[in-house]
Amino acid sequence: SFTVKRRLEGAKLEEERSRIAETVLSQLAAEAAGKGLVLSIEDAHWADESSLFVMQYLARNVGDIPVLMVVTARSGERAQFDGTLSSLREDGRSREIALGKMSGEEIAALASGLYSPSSFPAPFLDRLATGCMGNPLFVIEALQQMEFQGALAMMDGRYILIDENFAIPTTLDEMVRLRLDSLGPEAFAMAEYASCIGLRFSRAAATGIGSIGDPATALQELLRLGMFEVSGAEMRFANALFQEALYNGMAERWKLVHHRRLAEHYEREFSGREDEGIFELARHFSRSKAGSKAVDYCMRAAEKARGAFAPEQAVEHCEMGIANLSAARGSPDTAARRAAFHELMGDAHTQLGNAETALSAYDSALSGIAAGNALARMHGKRVKVMERMSNPDGALAAIDEGERSAPEGSVERLTLE
């Protein structure tokens, strides 16, 4: 008879996440000793499951440690975060503050605080509040855009309104587009290139575009206009909306060109130590449709992610690798590589406790394996998943198929028996 065995892979994943979370908690306790500490986590709705696990662990175990956690997020954006938020509500260990629209008085105070001292007329502040719909992000961006275009300026020691007819943006797209339209050709090209890297990037990566005449001047323009910010040793987009708008609005041809150039940049940077930059190498070679090289890096990235107990990232890199197999049609081992990706995906979903998805991945892997120990191994993994699904008939059938595939006396045969 079959019983539902303990989900060992899931237990290992939980144990590793708990170890990481406890390490973070210990570090916070050491930093906060005798003085207190504020831990700020922004845009938590974008966090992966491992990060959300750590965040929730800290909230539950911070206890008497003088640490205040401040988390900002948009509910309803992603199911993973909403599940964590629901658990935190049930625990009663958090206080939730829903932010509404700012009032006209609050927006006037924000504008005066950002541009101080100032002499903005009341009708303008009213129009700003109405046009920006009480959204502080809109207010800040509208005022900065007005400054960049000379609609407000410092005169005689005070900020004053120069152009009373300036069209205040009323939508997110319009706001972002106004800022992008203020860029010169080379600065815009660099911003597009940087958007292919992500929200954060190194100065060397951004200025390595190669297709513009004066990268240093373009970079200074982006900093002056508030498109980029310096963040420690890195640079970043001042707002994630800029990066998103640039990337989504870019022609596919230019995405391919930029990702290929970035892939080559990271290959030079991590030459001889590719494992350190394997995730960047996999992402950029994959998005440049580089065929076999993209497939190889995606496989290495997926294996590293699985070994680091990051199954979500392992699945992501497997999917990227499979998508690039069509560009590697000349490779004689395409079927075997596809099977390897599906097996890795099955292992990752098993770690996550997604039994049905794991079984589907293992079934897909079977089609790329002809016979022998590899086929028996795959059936062995299917057996374990079906046991967890309380499907003894399916497990028995998989055992029979695996035993027929495995050579007599092999490890795989003995495991199935």
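This passage walks through selected features of a predicted model, from a strand pair to its helices, salt bridges, turns and aromatic rings.

A good place to begin is the pair of strands E1 and E2. Strand E1 covers residues 37–41 and strand E2 covers residues 67–71, and the two run in the parallel sense, joined over 5 bridges. Within this pairing, Leu-37 sits opposite Val-67 of E2. To get from E1 to E2, the chain passes through helix H2 (residues 49–61), and the resulting β-α-β crossover is right-handed. Helix H2 also contains Ser-50. This serine has a relative accessible area of 16%, under the 20% limit, and therefore counts as buried. Leaving aside residues up to four places away in sequence, Ser-50 touches Arg-17, Phe-309 and Glu-312.

One of these contacts, Phe-309, leads to helix H14, as this phenylalanine follows the helix and has a positive phi, near 55°. Helix H14 itself spans residues 292–307, 16 residues in total. From the first C-alpha to the last, H14 reaches 23 Å, close to the 22 Å expected at 1.5 Å a residue. Which residues of H14 are buried? They are Ala-294, Val-295, Tyr-297, Cys-298, Met-299, Ala-301, Ala-302 and Ala-305. The spacing of such a list can be read with the geometry of a helix in mind: an α-helix has 3.6 residues a turn, so residues three or four places apart point the same way. The cover over the buried residues of H14 includes four helices: H12 (252–269), H13 (278–287), H15 (311–324) and H16 (334–352).

Helix H14 is also linked to H12 through charged side chains. Glu-267 and Lys-293 meet in a salt bridge, with 3.3 Å from N to O. Glu-267 belongs to helix H12 and Lys-293 to helix H14, so this pair ties together parts that are 26 residues apart in sequence. Both ends have some access to the surroundings: Glu-267 is partly exposed at 21% relative accessibility, and Lys-293 is partly exposed at 36%.

This is one of several such pairs, for the structure holds 14 salt bridges. Another joins Glu-280 to Arg-283, at 3.4 Å from N to O. Here the two partners lie in one helix, H13, and stand 3 residues apart, about one turn of the helix. Are the two partners buried or partly exposed? Glu-280, at 27% relative accessibility, is partly exposed, whereas Arg-283, at 17%, is buried. Salt bridges with shared partners also connect Arg-306, Glu-343, Asp-347 and Lys-381 into one network. A further salt bridge brings together the side chains of Glu-96 and Arg-89, at 2.8 Å from N to O. Glu-96 is partly exposed, with a relative accessible area of 48%, and Arg-89 is likewise partly exposed, with a value of 48%.

The loops offer some backbone details to look for. Most residues other than glycine have a negative phi, and most peptide bonds are trans. Against that background, the peptide bond from Ser-116 to Pro-117 is cis, with omega near -5°. Pro-117 is located in the loop that connects helix H4 (104–114) with helix H5 (122–131). Met-133, a residue other than glycine, has a positive phi near 55°. This methionine lies in the loop from H5 to helix H6 (136–148), and its relative accessible area of 41% makes Met-133 partly exposed. Lys-289 also has a positive phi, in this case near 50°. The loop between H13 and H14 holds Lys-289, and at 56% relative accessibility this lysine counts as exposed.

Aromatic side chains complete the picture. Across the whole structure, 8 aromatic pairs are found. In one of them, the rings of Phe-228 and Phe-237 have centres 5.1 Å apart and planes at 85°, so the arrangement is edge-to-face. Phe-228 and Phe-237 are both buried. Together with Phe-201, Phe-228 and Phe-237 make up one aromatic cluster.

Terms used. Residues are numbered from 1 along each chain as its sequence is written. This is a predicted model: local features need pLDDT of at least 70, side-chain atom pairs count only at pLDDT 80 or more; totals for chains, interfaces and linings use all residues. Side-chain values use heavy atoms; hydrogens and water are left out. The expected span of a helix is 1.5 Å times one less than its number of residues. Buried means under 20% relative accessible area, exposed over 50%, partly exposed in between (1.4 Å probe, protein chains only). Contact means heavy atoms within 4.5 Å. A salt bridge is a side-chain nitrogen of Lys or Arg within 4 Å of a carboxyl oxygen of Asp or Glu. Two strands pair if DSSP finds at least two bridges between them. A crossover is right-handed if, with the strands pointing away from the viewer, the path from the first strand over the helix to the second runs clockwise. Rings of Phe, Tyr and Trp (its six-membered ring) pair if their centres lie within 6.5 Å; planes under 30 degrees apart count as stacked, over 60 as edge-to-face and the rest as tilted.
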